[in-house]
Amino acid sequence: MSTAISTYSKSDYINFVVLMVLGFLVIPMTVSSDYWFTSILIPWLCLALATIGQQVIMGYTGQLALGAAGFMAAGAFACFNLILRVDGLPFFGALIISGLIAAAIGIVFGLPSLRIRGIYLMVATLASQFFIIWVIDKFGWFKNYDSSGIITAQDIVIFGRPYTSPVDMYLVILVVVTIMTILAINMARGSTGRNWMAVRDMDVAAESMGVSLLKTKLQAFAISSFFCGVAGALFAFTYLKSLEPVAFDIKLSFKILFMCILGGLGTINGAFIGAGFILLFPVLLNYLGNNVFHGAIDATIISAMEQVVFGVLMIVFMIYEPLGMAKLWENLKQRFFKKKDN
Amino acid sequence: MGSEILFFFEVLVGGLLAGTMYSLVALGFVLIYKASATFNFAQGAMVFFAVLSFVGFMELGLPFFFAFLVTIGLMVIVGLSTERLVLRPLMNQSEDTLLMATIGLGYVLEGLAQAAWGVEVRRLDLGIPDFPIMFIADAIGIFISALDLTAGAVAAFMVISLAILFTQTKIGLGLRAVADDPGAASSIGIPLKHIMLLVWSAAGVVALVAGCLWGARAGVQFALVDLALKALPVLIIGGFSSIPGAIVGGLIIGSTEKVLEVYIGPFFGGAIEGWAPYVLAVFFLLKRPEGLFGEKIIRRV
């Protein structure tokens, strides 16, 4: 079965090796400031993973879902409780089970997608967002009856060795994100992804070709929620270092939606580009505010302007490049390296 | 026993009247959807933008009525620029693309409002107290807030005037023609741009009125945007293209969420009104996807 679609070109392998060397060797050896790890690289990888989840459901399957943060919360609290209550469960085991729990919840809340679409589905997924957060907030068991509302996440321990320094945590996340990204790329390229896209482009036609809508949509919801759940667990354990339901509110869902759309719907690298942009742009604005305007601009105005820029970009991309930044990147490559590969 | 029944009615009436506030937000939604088949996700942001600007103008020293007029002017400008900069370049795009563009528009409006007027919570005094009206309380023993009652009256007035606009005037005929088939409407000489401008301005005015009532109750603050999200379940229950639907949907959501909160909420630690409307909407969707008053959705392949 070596068709043109399922094989990778030589340049794909080169890119992969370069990225791996960069991620596992160059960055840990050259980046010395903890700030870069804790405030940029770690949240970037976590949110990119969640954005891949959003890509699966929205970019590939065309279902307008707006509840990524809810599933992230489910994953985070599942992981917390698993490590707390199951003795001897390794961290990666807890991570996978949390993803599966999030996936199960995702299937339940994905059920309405069989009958509705567009903004109707968006409202149905909003129900999941508010409901999951409420359940975690109101039933003390999930928070281990902690009254303060903010619970410190346990340390990550793998084979008896604690991974608590920023570089260690970065490497743990990088391993997870690498494996899951390869999985996602392969799913998107294979028959699974082709079914998703067929449903996205025209569900009736897909159904008449023998693609089961029920199976494909629910599968997409499950996989999307799995990615969000794992991302949420990593996000809570490494970036927030605490578990609080408010951290996973509707604003985070919108943020992931923006990462997904600005990055480029239906692309995996778009998830990384979009997450990086949404995360780095405020940092850049703050830097400009502090160093160029020397604090002359109020911080609230800067954060408001950041919202305006995201909104404007959203509109501009919808008008001029609905495929997002990943497509811009593609165009750039085309211009500078004229058809070296493919 | 009697007092329990009275209390139930009090909860119910309070919920119904609070529901009309959701209806007002939903109304702006319906206006735009009827005329341009666009889900305007930015309606909540417009509510926030309008009322924050209104309060801001009053803080600058403008008298109440004048500030109201200036804000209406501002909302017309918002409508005008939305039509020019967002809708016109996106003409003939899919519904989902337009929806995402209006999400972006919402972000722009929220950001601009906060950049211009700041983020602190403001009080808005309409001169209508949010206290029970005593003579009603004395007469039938039900406590009804004057503000709720005003909201109900305003919503009724808005619905009647919009219904007249849509069914009795030439503009309304044009609006319905555009909603039906923009191409055919413009080919017989209905000015599409003017219609769009009119609709977006009307939605802006509705947003301002809704914002004033919400602001008087909950304070003028960012949380208004989240409150306005509850207009979505209202629309799903009522149907996206029906003005009476927006009202009925609002009443259903308002009363159900209050009754559930008061009678069922305590068993679960409260705050179920945060998600109850959405879950209710999902059940409606499964039973009647087009809403109570909406037109049946026919998709052609």
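In this predicted model, Lys241(A) sits in the loop that links α9 (213–240) to β4 (242–243) of chain A. Its backbone is a little unusual in one respect: Lys241(A) is not a glycine, yet has a positive phi of about 60°. As for its surroundings, Lys241(A) has 14 C-beta neighbours inside 10 Å and so counts as partly exposed, given that the partly exposed class lies between 12 or fewer neighbours for exposed and 20 or more for buried.

Phe159(A) is another non-glycine residue with a positive phi, here about 50°. This one belongs to the loop between β2 (156–158) and β3 (161–163) of chain A. Phe159(A) has 6 C-beta neighbours inside 10 Å, and therefore counts as exposed.

Turning to helix packing, the axes of α11 (residues 269–291) and α13 (residues 324–336) of chain A come within 8 Å and cross at roughly 110°. That crossing angle falls in the range of 65 to 115 degrees, so α11(A) and α13(A) are roughly perpendicular to each other. On the α11(A) side, the residues that take part are Asn269(A), Gly270(A), Ile273(A), Gly274(A) and Phe277(A), and they meet Gly324(A), Met325(A), Ala326(A) and Trp329(A) of α13(A). Sorted by class, this contact is made up of five nonpolar and four polar residues, with no charged ones. As a rule, residues three or four places apart on an α-helix point the same way, because there are 3.6 residues a turn.

α13(A) itself holds 13 residues and spans 19 Å from its first C-alpha to its last, close to the 18 Å expected at 1.5 Å a residue. Its buried residues are Gly324(A), Met325(A) and Ala326(A), and these three also appear in the contact with α11(A). The cover over the buried residues of α13(A) includes α11 along with α10 and α12 of chain A.

Two of those covering helices, α10 and α12, come up again where the chains meet. There, 32 residues of chain A are in contact with 40 residues of chain B. On the chain A side, the elements that supply two or more residues are α5 (118–138), α10 (250–263) and α12 (299–320). Of these, α12(A) provides the largest share, with 13 residues. By class, the chain A side of the contact with chain B breaks down into 26 nonpolar, four polar and two charged residues.

Definitions and conventions:
Residues numbered from 1 in each chain as written. Chains lettered and ligands numbered in written order. Predicted model: local features only at pLDDT ≥ 70, side-chain atom pairs only at ≥ 80, totals over all residues. Contact = placed C-beta atoms within 7 Å. Helix = DSSP H or I, 4+ residues; strand = E, 2+ residues; numbered from the N terminus. Nonpolar A, V, L, I, M, F, W, Y, C, P; charged D, E, K, R; others polar. Axes fitted to C-alpha atoms, helices over the stretch in contact; angles between N-to-C directions. Parallel < 35°, antiparallel > 145°, perpendicular 65-115°, else oblique. Expected span 1.5 Å × (residues − 1).
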